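Open the model in your viewer and keep the selection box at hand. We will go from stop to stop.

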Amino acid sequence: MRLPVVAIVGRPNVGKSTLFNRIVGRREAIVDPTPGVTRDRKYVTAEWVGRRFLLVDTGGFVSGTDEPIHRAVMEQLQHGISEADLVLFLVDGRAGLTGEDEELAQMLRKSGKPVLLVANKIDTAAHEGLSAEFFRLGLGEPLPISASLGRRIGELLDEVVQRLPERVGQDGEEQETALRLAIVGRPNVGKSSLINAVLGMPKLVVTDIPGTTRDAIDTEFDYRGQRLVLVDTAGLRRKSRISAAVEYYSTQRSLRAIRRADTVAVVIDASEGLFDQDKRILDQVVQQRKGVLLVVNKWDLMPSGAKATLQFEQMVRDELRTFTYVPVLFVSAKTGRNVTQVLDVALAVDGERRKVVRTRELNQFLQEAVAQHAPPAFGTKEVKIRFCTQVNAAPPVFAFYCNYPRGVQANYQAYLEKQLRQRFGFMGVPLTLSFRRK
C-alpha cells in the first residue's frame, strides 16, 4: 500500500516551496527570496476532496554548472521525478519562458511521466495572457495560478486528483504507528550521509559544505517489520552564530523536529571529538524528555581496535557525567560500518521509553533503596518516602509520596534515579521523578 506521489519541479525561485506550503496548508518548507534554499526532497502527506497523496518539494533546476551543491541537487531532482506519479512543472508567469525551463521540459518529456504545467505568479485574471508563451514547451496548456495569494489553487488540486492513479488499498485503512527518529547535531558531522547509508540510496544532498541541509526532511520506511520515520535536520549552531534568516528558520525546524520525535540520535564527528555545543544539543533533547543515543560518526578516520573505541567512549563518559544512561555508538556512514545498529538501538530505546513498571515492584525497590540509604533530614524534621508509582510512560514519570516533598534534596533524588536505572533499566531514557505530599 502506498500513496500516489506528486512532485513539484522548476527553476529556483519560481515559488515551488510557496506552492508546497499552500497545498499542505501550513509552513512546512522554508520560503526565502534567496535562490536555492530548497535542496533535499521534502515529503508531506496532502489531501484534497478525500484523496490523499504524497507531495514532494524539490530543489531548483540549474543547468551548466559544475558546483558540487548544484550537482547534488540535480541528482535529488532526478530521483524526485523518477518516483513521481504526477509532476507539477512550475514556471514563473511574470518572468516568462527561459532556456532552463526548456531544458527541464525536455528532461520531463524524456522521463515519460505525466506532467501538469503550472504558471505561477499570475496574481490577477488580467495577467493570465502572460502564460500563453509556455505552450511552446509542448506540455499542454499551462494553468495560471498565484501560490502566494492562493488564486486558482482549488482548480489546480481538482486537476491533480483527476490525474492521480488509484491507490492500492482503502483510504480508511489504519497505518501502523511509526517511530520517529530525528538525526541532529552540529553542521557537517554527517547526518545526511548517515541516513543515506541506512537507506542504501542517495535520498539526501551530501556535500563537504557546512549547512547543506536547511530543512527537516522526513523519510518513512520499514525496518524489520517496524515502521520508522527518519528525520534529517539542519546543523544546530550556537545562537550567536546564526546570522541569516534561512539559518534561523533551519534551526527552528530542527528544534521542532526534536519536539516531534520519539527518539533522537545526536551525531558527533569522531575526528573532532565532543564540543560544548554537542552537550547543549543533548541538554535540549533531554529537556524535551525524548529517547536519546549518541552516534560517533566518521569512525573510519580513527585508529582501529577495541582499545581505541574504549578510550574514546571513556572520554565521552567523563565529559557527559549527567548522561551516563545514554548509549554511545561508533559508526561510519562512509563505509556503512554499524549504521543499522543506530536503528536497532533506537528501537530498543523506544521500548524502554514506553516501559511500565508495576507499582508493587516499585515499592519493593523503594523499601530497599531507603533501607540502604535513608533521605537526609529536612532541617530538624525526618523525611519519610512512603509510596511510589509510575504515573506516565513515554516519557516515564514516577511519583514519590512523602511527608516533606521540598525536603528531598537533589543529591538524594539523583541517588533514587540511579537505583531505579540499576533495577529497571531505561537505557537512553530521561526519567522524571516527582515528589508529592501523601
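The tour below visits strands, helices and cores of this predicted model.

**Stop 1: strand β10**

Select residues 263-269, which form strand β10. Is this strand mostly covered or not? It is mostly covered: seven of its seven residues are buried. Now show the side chains. In a regular strand, side chains alternate between the two faces of the sheet. On one side of β10 you find T263, A265, V267 and D269. On the other side are V264, V266 and I268. Both faces are covered.

**Stop 2: the partners of β10**

Add strand β7, residues 179-185. β7 and β10 pair in the parallel sense, over five bridges. Zoom in on G185: V267 in β10 stands opposite.

Next, add strand β11, residues 291-297. How many bridges link β10 and β11? There are seven, and the pairing is again in the parallel sense. Pick A265 and look across to L293 in β11.

Now select helix α7, residues 276-287. Together, β10, α7 and β11 make a β-α-β unit. That unit is right-handed.

**Stop 3: a three-strand sheet**

Move on to β13, β14 and β15. These three strands form an open sheet, in that order. The pairing is mixed. Which strands lie at the edges? They are β13 (385-392) and β15 (432-437), and each pairs on one side only. From one strand to the next, the twist averages 25°.

Select β14, residues 397-402. β14 and β15 run parallel and are joined by six bridges. For one of the pairs, pick F398: its bridge partner in β15 is L433.

**Stop 4: helices across the sheet**

Show helix α10, residues 359-372. α10 lies across β13 and β14, at about 140° to β13. Then show helix α11, residues 410-424. α11 lies across β13, β14 and β15, and runs at about 125° to β15.

**Stop 5: the cores**

Select F400, L416 and L420. These residues have the most contacts inside the largest nonpolar core, which has 45 residues. Which helix gives the most to this core? Helix α9, residues 339-353, does, with six residues.

Stay on L420. Leaving aside residues up to four places away in sequence, L420 touches L362, F365, F398, F400, G425, L431 and L433. F398 and L433 are the bridge partners from Stop 3.

Finish at a second, separate core of 30 residues. Among its members are A178, A182, I258 and Y325.

Definitions and conventions: Residues numbered from 1 in each chain as written. Predicted model: local features only at pLDDT ≥ 70, side-chain atom pairs only at ≥ 80, totals over all residues. Heavy atoms only, no water. Core = buried A, V, L, I, M, F, W, Y, C linked by side-chain atoms within 4.5 Å. Buried < 20%, exposed > 50% of the residue type's maximum accessible area, 1.4 Å probe, protein only. Helix = DSSP H or I, 4+ residues; strand = E, 2+ residues; numbered from the N terminus. Contact = heavy atoms within 4.5 Å. Pairing = 2+ DSSP bridges. Axes fitted to C-alpha atoms, helices over the stretch in contact; angles between N-to-C directions. Right-handed = clockwise from strand over helix to strand, strands pointing away.
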